[in-house]
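Me: I'm new to this one, so please go slowly. Pick a single part, give it a close look, and then work your way outwards from there.

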Amino acid sequence: MSVTAPQVGPGVARTGQTVQQGVQQPPQPSQHSALAALIVVIAAGGIPTLAALAPIAALFGVTAESLQAAFQAMGAIPPIARDASVPERVALGVNLTRRAQLIVALAKRAMAGASAEQLQRQAQQSIDAHRRRAEAAKTVGAAARQFGLVLGWQSVLDSRTTEGCRQMHGNNFRVDQPPIVEGAPAYPGWVHGGTCRCLPVAPWPNGKLVAAAR
Ligand SMILES: [Zn+2]
């Protein structure tokens with residue numbers, strides 16, 4: 001026997017709290033605005049209180065406790081210097097977005113019963129990638145101070161070089177508009193999780209300027 005779901009309409013809505021709770025749906029804002037709200041909290045630094053996390057947790061359909069556990073697994077986001085270069089600011093933006101996405105994923109795992117250790121293990125890979133991204137961005141910033149806003153992309157060409165890095169070799173890019181390499185905005189050193197061996201160099205005299213995909 002199947003039970004017919006209560007119809008939500010003016011008549012049903014007026015019958016009271018019980019029915020309301022029965023058909024209650026988690027709020028469904030656009031994923032974008034929910035993520036933006038989470039990024040603001042992450043950027044503020046530290047581990048937020050449960051009370052501060054509750055409204056955002058609701059946006060993602062997770063508990064404040066699980067969201068806090070995810071924050072604890074990731075630790076605080078490393079701050080950048082006040083006079084940070086453009087690439088370092090770009091890196092911070094990318095890292096904040098990635099961190100927010102991972103925190104949501106970790107919160108869902110926490111709700112599914114993952115231990116703090118399990119969360120930390122998963123978080124560590126991203127923390128390492130974020131650190132590599134920030135370090136490579138610093139190198140790009142230093143190269144930009146030396147050579148200007150347009151830099152050359154130099155790859156190490158051998159049997160381990162991936163297709164994206166190989167294609168970028170010999171091209172130029174604008175430091176304020178990182179090109180898309182292997183599906184994501186990238187500076188030299190950012191590709192495949194920040195394990196790539198590419199470096200920023202003086203712009204190639206005949207290099208093609210690779211624009212950022214927008
Ligand atoms: Zn590379």
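Reply: Let's start at Val150, whose bridge partner in strand S2 is Arg174. Keep in mind that what you're looking at is a predicted model. Val150 belongs to strand S1, which covers residues 150-154, and S1 pairs with S2, residues 172-174, in the antiparallel sense over 3 bridges. S1 also has strand S5 to deal with: 3 bridges join S1 to S5 (residues 199-201), and these two run antiparallel. If you want a spot to look for there, find Gly152, since its bridge partner in S5 is Val201.

Now move over to the helices. Take H5 and H7, which pack with their axes 8 Å apart and at an angle of about 50°. That angle falls outside the ranges for roughly parallel, antiparallel or perpendicular, so H5 and H7 are oblique to each other. H5 passes H7 in a right-handed crossing. On the H5 side, the contact is made by Ala69, Ala70, Ala73 and Met74, and on the H7 side by Ala116, Leu119, Gln120, Ala123 and Ile127.

Two of those names, Ala70 and Leu119, turn up again in the largest nonpolar core. This core has 23 residues, and Ala70 and Leu119 are listed with Leu67, Ile103, Leu106 and Ala107 as those with the most contacts inside it. Where do its residues come from? Helices H3 (31-44), H4 (50-60), H5 (64-74), H6 (86-111) and H7 (116-147) each supply at least two of them, and H6 gives the most, with 7 residues. Ala107 is a handy place to look around: leaving aside its neighbours within four places in sequence, Ala107 is in contact with Phe60, Val62, Ser66, Leu67 and Ala70. Apart from this core lies another one, of 22 residues, with Leu92, Val94, Ala186 and Tyr187 among them.

Phe60 also leads us to one more helix pair, H3 and H4. Ala34, Ala37, Leu38 and Val41 in H3 meet Ala52, Ile56, Leu59 and Phe60 in H4. Here the axes are 9 Å apart and the angle is about 155°, which makes H3 roughly antiparallel to H4, given that angles over 145 degrees count that way. Its handedness is worth a look too: H3 passes H4 in a left-handed crossing, while H5 passes H7 in a right-handed one.

Methods:
Residues numbered from 1 in each chain as written. Predicted model: local features only at pLDDT ≥ 70, side-chain atom pairs only at ≥ 80, totals over all residues. Core = buried A, V, L, I, M, F, W, Y, C linked by C-beta atoms within 7 Å. Buried ≥ 20, exposed ≤ 12 C-beta atoms within 10 Å, placed from the backbone. Helix = DSSP H or I, 4+ residues; strand = E, 2+ residues; numbered from the N terminus. Contact = placed C-beta atoms within 7 Å. Pairing = 2+ DSSP bridges. Axes fitted to C-alpha atoms, helices over the stretch in contact; angles between N-to-C directions. Parallel < 35°, antiparallel > 145°, perpendicular 65-115°, else oblique. Left-handed = near helix turned anticlockwise from the far one by under 90°.
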